[in-house]
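Subject: Structure for you to look through

Dear colleague,

I am handing over the structure we spoke about, and below it I have set out what was found. Please read the notes with the structure open beside you.

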Amino acid sequence: MTRLLITGASGLLGLNLALSAWEQHTVIGVDRCKLSGVPFELVCADLLEPGEVDHILDASRPDWLIHCAALADLEACEADPSLARRLNADLPGDLAAGCLNRGIRLVHLSTDSVFDGKKDGVYTESDLPNPPGVYSATKLQGEQNVLSADPDAIIARVNFFGWSLSGTRSLSEYFFNNLSEGRQCNGFTDIWFCPMFVGDLAETLVRMLEKSLSGLYHVVGSEALTKYDFGVRLARQFGYDERQVLPISVEESGLKARRSHNLRLSVHKLSTCLGEALPAFSTGLEKFYTQYTQGYPQKMRSYQQI
Ligand SMILES: NC(=O)c1ccc[n+]([C@@H]2O[C@H](COP(=O)([O-])OP(=O)(O)OC[C@H]3O[C@@H](n4cnc5c(N)ncnc54)[C@H](OP(=O)(O)O)[C@@H]3O)[C@@H](O)[C@H]2O)c1
């Protein structure tokens with residue numbers, strides 16, 4: 001079985017990915033001692049500690065590394081740019097160099113938000129990024145550091161939704177938690193994005209490795225919608241009153257970190273390389289709902305170390 005190392009194993013993507021991959025692959029997850037009782041192997045480590053990257057790569061001897069650890073909270077990045085730079089820019093470069101030396105295939109996770117959103121249309125991989133804030137600037141630097149250390153690495157610019165360890169990490173959980181408690185919640189009508197169900201993303205990343213792809217790819221959903229529409233579609237899927245989702249502009253939200261208004265990304269390059277269309281948003285939303293009916297959110301939370 002292929003040995004798959006996953007950093008950020010307690011995170012939204014890392015945990016879903018590890019849970020989807022462990023039956024087909026030998027999964028080793030790196031977390032900061034937050035998880036317990038998971039069906040895959042765990043290494044507890046702070047990736048910013050000196051020597052930790054080399055130690056983990058030598059001890060776990062993976063064939064593939066999917067690097068999901070990051071400072072992915074936009075507001076936290078604005079509050080601590082130095083930590084954002086170390087985690088989102090420097091660490092990926094160190095990991096890429098470590099992977100190249102050991103013949104490990106690397107997938108590095110980046111973000112749709114490297115673009116400023118000013119384009120009138122859909123962004124392709126050849127469009128020039130212009131990051132609007134600390135998070136996106138450090139993520140872009142991370143892409144560059146990875147590709148200069150290991151040109152054969154995969155850089156995946158993503159945006160995704162799903163159930164998380166804390167139950168509060170994702171946009172889908174924000175809407176679900178408010179709707180299910182009967183509360184009103186805000187949906188931005190002026191931010192367009194292409195969300196992908198995290199289970200579909202996990203399978204797509206593994207397929208990209210199986211197909212030996214390399215370089216930069218947009219790995220997002222094939223449908224663009226506003227954050228408001230996302231909330232409304234989720235309300236309908238779960239049978240909640242969609243009028244609880246209030247249409248507002250992001251400018252009225254009080255959020256500090258600047259956000260791009262247009263994050264519509266083309267997935268043409270990836271679907272051509274994979275030889276198939278990427279899953280539709282509606283089927284991803286149905287899978288998210290099915291997980292709910294099967295108790296997946298509770299299962300996720302049960303992995304939290306007490
Ligand atoms: N969520 C999205 O829609 C989205 C959109 C665009 C791009 N992305 C990118 O996708 C990737 C995964 O995002 P996510 O939403 O899954 O992130 P997340 O839920 O915030 O998870 C981040 C993970 O990184 C770990 N981590 C942070 N600092 C660490 C350190 N010093 N040592 C070891 N682990 C550390 C965290 O561990 P703790 O749990 O211990 O803090 C956590 O497991 C990131 O690269 C992010 O930038 C996400």
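A word on terms before helix 4: a residue is called buried when its relative accessible area is under 20%, exposed when that value is over 50%, and partly exposed in between. Please also bear in mind that this is a predicted model.

**Helix 4**

By that cut-off, a good number of positions in helix 4 can be listed as buried, namely Ala84, Leu87, Asn88, Ala89, Leu91, Pro92, Gly93, Leu95, Ala96, Gly98 and Cys99. When you look at how these positions are spread, it helps to recall that an α-helix has 3.6 residues a turn, so residues three or four places apart point the same way. Helix 4 covers residues 81–102, which is 22 residues, and at 1.5 Å a residue it should span 32 Å; the C-alpha atoms at its ends are 31 Å apart, so the expected and the computed span agree. There is nevertheless a kink of about 35° at Asp90, shortly before the proline Pro92.

**The ligand and its surroundings**

The ligand is surrounded by 25 residues, and those closest to it are Ser10, Arg32, Lys34, Tyr135 and Lys139. Sorted by class, this shell holds 14 nonpolar, 6 polar and 5 charged residues. Three elements, helix 1 (12–21), strand 5 (105–111) and helix 5 (134–149), each contribute at least two residues to the shell, and strand 5 provides the largest share, with 3 residues.

Several polar atoms of the protein lie at short listed distances from ligand oxygen atoms. For Tyr135, a polar side-chain atom is 2.6 Å from an oxygen atom of the ligand, and for Lys34 a polar side-chain atom is 2.8 Å from a ligand oxygen. At Gly11 it is a polar backbone atom that takes part, at 3.1 Å from an oxygen atom of the ligand. Taken alone, the ligand would expose 900 Å², and the protein buries 89% of that area.

**Two leucines in strands**

Leu4 sits in strand 1 (residues 3–7), and because its relative accessible area is 0%, Leu4 counts as buried. Its C-alpha atom is 4.9 Å from that of Trp64, although the two residues are 60 apart in sequence. Leu42, which belongs to strand 3 (residues 41–44), has a relative accessible area of 31% and is therefore partly exposed. Leu42 and Asp120 are 78 residues apart along the chain, and their C-alpha atoms are separated by 45 Å.

**Loop residues**

Two residues have a positive phi without being glycine. One of them is Cys33, with a phi of about 60°, which is placed in the loop between strand 2 (26–31) and strand 3; with a relative accessible area of 40%, Cys33 is partly exposed. The other is Arg61, whose phi is near 45°, and which lies in the loop joining helix 2 (52–60) and strand 4 (64–67). Arg61 has a relative accessible area of 54%, and so it counts as exposed.

Asp73 belongs to the loop between strand 4 and helix 3 (74–79), where, at a relative accessible area of 41%, it is partly exposed. The side chain of Asp73 reaches the backbone nitrogen of Glu75 at 2.9 Å. Asp73 and Ser260 are 187 residues apart along the chain, while 15 Å separates their C-alpha atoms.

Which loop holds Ser170? Ser170 is found between strand 7 (160–161) and helix 6 (171–180), and because its relative accessibility is 4%, Ser170 counts as buried. The C-alpha atom of Ser170 is 23 Å from that of Pro92, with the two positions 78 residues apart along the chain.

If you would like a place to begin, I suggest Tyr135, with its side-chain atom 2.6 Å from a ligand oxygen, and then the kink at Asp90 in helix 4.

With best wishes

Technical notes
Residues numbered from 1 in each chain as written. Predicted model: local features only at pLDDT ≥ 70, side-chain atom pairs only at ≥ 80, totals over all residues. Heavy atoms only, no water. Near = heavy atom within 4 Å. Polar contact = N/O pair within 3.5 Å; in protein donor to acceptor, adjacent residues only side chain to side chain. Areas by Shrake-Rupley, 256 points an atom, 1.4 Å probe, with all protein chains shown as cover. Helix = DSSP H or I, 4+ residues; strand = E, 2+ residues; numbered from the N terminus. Nonpolar A, V, L, I, M, F, W, Y, C, P; charged D, E, K, R; others polar. Expected span 1.5 Å × (residues − 1). Bend = angle between axes of the 7 residues up to and from the residue. Buried < 20%, exposed > 50% of the residue type's maximum accessible area, 1.4 Å probe, protein only.
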